[in-house]
Structure formats: C-alpha cells, structure tokens
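Me: I would like to go through this structure and check each label against its cut-off. Shall we begin?

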Amino acid sequence: MYSVTCQCCWLLSNSSPVVVANDKTNNVRHANFAQVPSWISLKCSHSSLQTHKDQQGQVENLHLISLTKQGKLREVHEFIRSMDESGISIDPRSYKYLFKMCGMLGALSDGKLFHNRLQRMANSNKVIENCILQMYCDCKNFTDAERFFDEMVNRDLFSWATIISAYAKEGHIDEAIRLLLRMLDLGIIPSPSIFCTLLGSFADPSVLDLGKQIHSQLIRTGFAADVLIETSISNMYVKCGWLDGAEVATNKMTRKNAVACTGLMVGYTQAARHRDALLLFVRMISEGVALDEFVFSIVLKACAASEDLYTGRQIHSYIVKLGLESKVSVGTPLVDFYVKCARFEAARQAFETIHEPNDFSWSALITGYCQCDRFDRALEIFKTIRSKGVLLNSFIYTNIFQACSAVSDLIFGAQIHADATKKGLITCLSGESAMITMYSKCGKVDYAHQAFLAIDKPDTVAWTALICAYAYHGKASEAVRLFNKMLGSGVRPNAVTFIGLLNACSHSGLVKEGKQFLDSMSEKYGVDPTIDHYNCMIDIYSRAGLPQEALEMIRSLPFEPDAMSWKSLLGGCWSHRNLEIGRIAAKRIFHLDPLDSATYVIMFNLCALAGKWDEAAQFRKMMAGRNLRKEVSCSWIIVKGKVHRFVVGDRHHPQTEEIYSKLKQLNFAVNKGEERLLNEEDALCDFTERKEQLLDHSERLAIAYGLICTAADTPILIFKNTRSCKDCHDFAKRVSIVTGRELIVRDANRSQHSSLIFLKAASVTFSQFLLLNCVSDPSFNFMLVLWGSFLEVSRGLAFHAAAAAAALCFDAALPLHYSVIFCLELGMFGLVLLHHNSALVAILVMSSVLCHNLWFSLFATSTG
C-alpha cells in the first residue's frame, strides 16, 4: 500500500505544481499563488486584459475546437463572426480541426469558406496545407484537390501520399499511377506507405499485371524487404485471386507475421481450399509466428466449412491453453463453429465462457437454437437481451423473424417488426425477406405483401419470398402474376423461385403450367433443375391423379430419386386410392427412410380400403417391430396474445366443457347432411364411433375454441404441426359454411383459407348440401354441379369456363331466360375471380343460392 501511495505521489508531483501529499510524513507544501498569472484573476482590469490578449484568444479557440468536434458548423460560423468582431484571430490548431471536420462531414462548401478565409489572412503552413488537401480528398473533390496540390508551396511526402491514397481508395487507379510516375520523374522517392496504400487498392484480377510491375519496381528499389511492403504484396495477390503468387510472397518474407498469413488463409477459404488453410495454421504455430485473435476466426471457419470437428476441437483446446476463450473476438467464432457443426450444446458452453458477449455472439447463439428447432428458446434469449439493453443487429432480427415464422407467433412478430423499424435494423434485404415469410407463415399474406411493397428495390430473394407466400396460401394465379412482374422488373429468378411456382401449381392442379415451368428453367432462365424441382413435379402429377406419369418421371430422373420423390408419389396414391403403385413407392421408402411412420399408416389405410386386411396387419406389425408411433398431432390458436394448445382428446383446457359443447352443436348443425355423404373410409368402420373419435381431434378443438373466444367478424387462424386429415379438412369447410366465419388452417404443408376451401368444396360438398336441403329438380341439380365445377377451374381460365358452362346450360334444356341469367352470373364470378377477391365470391354465391331458390320455385309453379 505504501509503494502504491508513493507512486501516486510521484505522479502527482510531476503533473501538478500545486499540492503534493504524503500519507507517511503528513508534510504539506502549500501552493504558491504568486505564481498564478494575473490575467486569471477575477478582478477585471484594462491593463491585464490588454497584456494577455493572446491568452484570452486561447479560450475562444478552445470553444471553437469544441464546437467543431461536435459537428456544429452553423454555430461555428456564428462564433467565428463574434471572434472577428472582438478582434480575436483563429490559431492554426483550430483550422486543423475545422478542415478535418469538414472532410468527415463532406461539407465542401464550408471547407472552401475556411480555405478562402485562410488565404486572405496569409496564415498558412505545411501542416495546414496538408489538412486542406485532405479535406478536398475526403469530400471527393479531386479537381480542386489536385489544383491545390499543384499550388502547394510546402509540398512533402505526406502531401503526395494523401492525394495518391485518395485516388487509390476511390478506385481511380490510373490517376494514382499517374501521380506516382510523376513523383518518380521528379526524383522523389515514394515512402513505403504510398506503395502499401496503392497495393491495398488492387482487389481485382484485372489489375494483377499492374501489381506485378509494382512488385518488380519495389524489388529494384530495395523496398521489397520492408515488412509492411511484403505484407501488402501478399495480400494484393490474394485479393487479385493469384494464390500461388501469394504463397511465394509469404514464404519469402524475411519475418512472417499474422497479418500476411491470415490474409492468405482468407484466400484459401474463399477458394474452398480449407485443408490448405489448416496446414498454413499448423506452419504458423511450428514456425513461431505470433498469432492474433483474427487468425482463430479464419481457421475455425475453415474447420466448419470442411466439417472437421476433430481439428476444430483441437484448436479450441489450443485457445483454452492460450487463455483466449473468454475474449469475445475468439469466443464468438467458437460458438459459430459449433453451431455450423450442429454441436449446439458445445456452442452454448463456448458462449458461456465469453466474458462480455457482443451482438454477434448473441446472434450466433440464437442462430444455433433456430437451426436445432428450439425456436421458443431463441425467443426467450431475445427477450432477455432486449430487456438488458444489449446492442442488437439486423442478423438477430432476421433470426427472430424466422423463429416467429416457425412458431406462428404473429403478435410477437409484429412487435419485433415495429422494434426493428424503430431502430432501423431491417434495411438489409435478408431481414425484409424473412419478415415477408414470417407474415405469410402466420396466415397474413396481405401483411406480407405490404412488407414487400415497403422494399425500395426488391431483389430475387424478396420476390421469391412473396411468390412462395402466395403459393403457400394456395393462390397460384397470383404467384404466377408476381413471377411475370418480377421478370418485367429485370430481376432474375433463382432455384427457390421455381420451387415456389411448382408448389403453387401442385396445390392448384396446374399440371400443364408446372411442366412448362420445369422445362423452361435451364433453357430460358439458366437455372439447372435439382432433385427438389423434380420432386415438385412428381407431386403435381400425384395430386392431379396421374400416378403413372409420376412413376415414369421418377424412373427417368437424371438423379437418383430420394425418399421425398417416393413420398410424393405415395401421397398421390393415397389421395386417389391406387394401391398397386402405392406398394412400389412404399417399398422404396422402406429402403430409404425406414423410420418414417407416415408410410406405414398410409399403407395400412390403403390396404384396409381395398379390403386386404392381412396385408394391412403386416404393416401394423412392421411398425410395432420397429417401435414406431404416429406423431402426436397438436393444434394451437392465439387469442389475445396467449397461445392455446390442444392435442387429441385434450381435456386440460380451463374451458373444456364449453369447447366440447360447441363441438356437439357444430356436429348437430352438419349432421343432417353428413349421413348422406359417407366416403369410402366411413363405409369400412362404425361411422357412429368414428364421428365420436373425430370430435376429439386437436384441429376441431382449436376451431371450437376460436368460435367461442373470438369476435364474429374476425377470421379464425389455426396452426397444426402435422398435415390435416380429410375429415378435419371437410369439417372446417362445413363449419365455415354453417357459421359464415373465415377459417385459416396452417398445417404442416401450407395454409388453407376458408374462402378457398369454400370454393373448392362447391363441386361436391356445397352442391350436395343444397341438393339435400333445398331442391330436387334434376335440371337444377345439374346446374349446381356445373356451377361447382366452374368454381374448381383456375382463375386464369374463368371466362373460358363461363363459355363452356353456358353451352352446357342450353344443352340441358333449361328455360332460356334461366340459362341467360345463369351465364351472366358465371361471367360475373369469373370477373371477380380474375381479380382474386375470394371473399366477395363467397358472398355472391350465397346470395345467388337464395335467388335461384326463388326463381326455381316460380319456374316450378308456372310449369306445374
């Protein structure tokens, strides 16, 4: 304690003549106030002010410098005017700060004013002239910069370096070389910093030859042995893409350093030569090269890219040995390495060793949780760091948008959107595209479109996100329209764009259009189809009831078909009850993905429907032998910011009694027509028992709760972790018809809107519902079935369907006035469909039903 006190006393005695204290001796030497200048005295006298006028100017110049550092140029001009009125001059040090700030702010006009003022005062020196030159260069006014450079009286090496560096940094390589040659012609030897700056600006293969010439010049002049020059040459070759030259330059260095070696490692990783990067790291250690923190960032990236977990762990051990694991610049790459190697627990442990994690550290951890599907944990971490006031970046928000998309948390996602907008952290296109996807997956495609419209210049990713959003919601015509608009704006599609388009065609039954998109990928747009694109086309054929075409495509694939190829085919076989091809697909799936429980369940159901119970029992036996179980279905709905989850037969919700009571009401409401609408599956079992079991399905529980707890004029948004069964799909359609509510169900495949469900059901469910409850006339029955078939047609063919329907109406021997009215209706519906207003179509259909009932009654009365 005594030694520390003595050191402090020594520091004080050397820094201040006023007071020196010593705790040991308690001797105090009082300040001699006679030494204080008289002009500091509070007593104001004319003689003291006159004598120390220069000292007074120091205070004003200090205040001027303070204003300048704050960037308050308007206040600076006002204060300079007051200084002029008081006869106080601006000292050179103040001018230095003035020109520096003008350069930083790009305030060229202010800089010129100060320059003109200085010329009038004839008060300049070498330092001030270099500051003026730097100001013109920082403002990118090279015309005035070079004019002033030519007029400079006290031009030195720093002046040459300033203007040459400015040209080089702005990419004006020719001008920089011109000045360098002029410098050599004048017999001025350039400093190493000029060559370093010039070489640092060479970052393109087109200037490689010029870099080699400068390298030769440096060898001739003897500068090549300088460490800075050697490092710049090596880095220049890396940036120009000549790694062989960079290797030679690095190996010939008189003393290798971490900067040169790290630059070469960066070149290796960019060229996917990850093994060479790791070998260079080993040589650095063996040769005793001093390692900096950035080296570990690069070598860990190389380990992650080559999936070399073993080497990465060895490097982690070496980091611990050096005691660097707690440093954020080393710990963050470690977290990122383990995340990319899918070692999330190790990533969490590496994160916890970081002493002061920054936003990139948190971003790496959140990314890890998102990649391992622990989205709830990612959201919890975000809420924690947000409450602690941790600095956030755009990458964190992008990951959080993805997490909200995965868990379908629309309310929190909207809050994050507002927070990111407030902080200006969604300017990057990746974040905006993630936001589009988030709104789409949360069932709000209109919000997704608004987010897209807010993008100034959407790129391919943004356009693709919106196209996939509409495809996800089953709006194929809108997806195709956006694709054409994307091409019209000059943006080229990528592979994911065609995935979205093919998915849209799949869910809308557009077989011909899907095949056209697939065929045009490589020929027209230069995008090579992958197995994913062919799988989408297989799905299109399968859903359209063309399993033979799908099987032929699988057999003719240019790739080896994967499990998804056969699963798409099997899904189509289940939809269209094709057991023969289903057996072929299942056999391949059992070989490629034997743990997929869905395959066993589908095959059991297919065999049961065909009455082959022995074969069906075999699939159950195989499933039990491999200890496989069907994934438990879970549905949830968000009401007033709270998530309500339901599983099959769930009776844990506080409002269980109300929910089941509502389900019984809904079941009674549709029961009248349901008994007449049995399908093949219902015929194979006790239908009464089946109906009672179906009431317990999680999707129905969520729908009932939504009907109870949401306003009658709001849509009901349901989310489900698995694909909706056919019974629940039909149940949702009937509930939408009976209650008049819009239902949006997002299952494992896509979102389904009640308005779209309603239209697609018109050909069967709705027509039969009307036939059972309204009329029984054959001609009217024919008209309704025709009407539903028309609604099944894609929106882009609406007018063609109207013409065909009109001809069929006349052929059906309906009354002329009745057929004319019906044809006009079809044309109106086609017009509305072309404008994609599904809700309006639903209203028109319901109104038309009432009108048709009235017209048919009048027609029956007049003819009966």
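**Labels and their cut-offs**

Me: Why is Arg 386 called partly exposed?
Reply: Its relative accessible area is 33%. Buried means under 20%, exposed means over 50%, and partly exposed lies in between (1.4 Å probe, protein chains only). The value 33% falls in between, so Arg 386 is partly exposed.

Me: What kind of model is this, and how are residues numbered?
Reply: This is a predicted model, with residues numbered from 1 along each chain as its sequence is written. Local features need pLDDT of at least 70 and side-chain atom pairs count only at pLDDT 80 or more, while totals for chains, interfaces and linings use all residues; side-chain values use heavy atoms, leaving out hydrogens and water.

Me: What makes Arg 386 and Asp 419 a salt bridge?
Reply: Their side chains meet at 3.5 Å, N to O. A salt bridge needs a side-chain nitrogen of Lys or Arg within 4 Å of a carboxyl oxygen of Asp or Glu. The pair fits that cut-off, so the name holds. Arg 386 lies in helix 22 (residues 375-387) and Asp 419 in helix 24 (residues 410-423), and this pair links distant parts of the chain, 33 residues apart. Helices here are DSSP runs (H or I, at least four residues), numbered from the N terminus.

Me: Why can such side chains pair at all?
Reply: Opposite charges can pair when their charged atoms come close.

Me: Is Asp 419 buried or exposed?
Reply: Asp 419 has a relative accessible area of 8%, so it is buried.

Me: How do you know that Lys 423 also bridges to Asp 419?
Reply: The N to O distance between their side chains is 3.5 Å. That meets the salt-bridge definition, so the pair counts. Both residues are in helix 24, four residues apart, which means about one helical turn between them. Lys 423 is partly exposed, at 42%. Elsewhere, Arg 74, Glu 75 and Glu 78 are joined into one network by salt bridges that share partners.

Me: What makes Glu 78 and Arg 74 a salt bridge?
Reply: Their closest N and O atoms are 3.3 Å apart. The cut-off is met, so the pair qualifies. Both lie in helix 4 (residues 73-85), four residues apart, about one turn of the helix. Glu 78 has a relative accessible area of 38% and is partly exposed. Arg 74, at 57%, is exposed.

Me: How many salt bridges does the structure hold?
Reply: There are 27.

Me: Why is Lys 69 called exposed?
Reply: Its relative accessible area is 53%. Exposed starts over 50%, so Lys 69 qualifies. Lys 69 sits in helix 3 (residues 53-69).

Me: What makes Lys 69, Arg 93, Lys 96 and Lys 100 a patch of positive charge?
Reply: Lys and Arg count as positive. Patch members have over 30% relative accessible area and no salt bridge, and like charges are joined within 9 Å. These four gather on the surface as such a patch. Helix 5 (residues 92-105) gives the largest share, three residues.

Me: Where is Cys 372, and why is it called partly exposed?
Reply: Cys 372 is in the loop between helix 21 (359-371) and helix 22. Its relative accessibility is 24%, so it counts as partly exposed. The C-alpha atoms of Cys 372 and Phe 344 are 7.5 Å apart, although 28 residues separate the two along the chain.

Key. Patch = residues over 30% accessible without salt bridge, like charges linked within 9 Å, V, L, I, M, F, W, Y side chains within 5 Å. Areas by Shrake-Rupley, 256 points an atom, 1.4 Å probe, with all protein chains shown as cover. Charge placed at Lys NZ, Arg CZ, Asp CG, Glu CD. Helix = DSSP H or I, 4+ residues; strand = E, 2+ residues; numbered from the N terminus.
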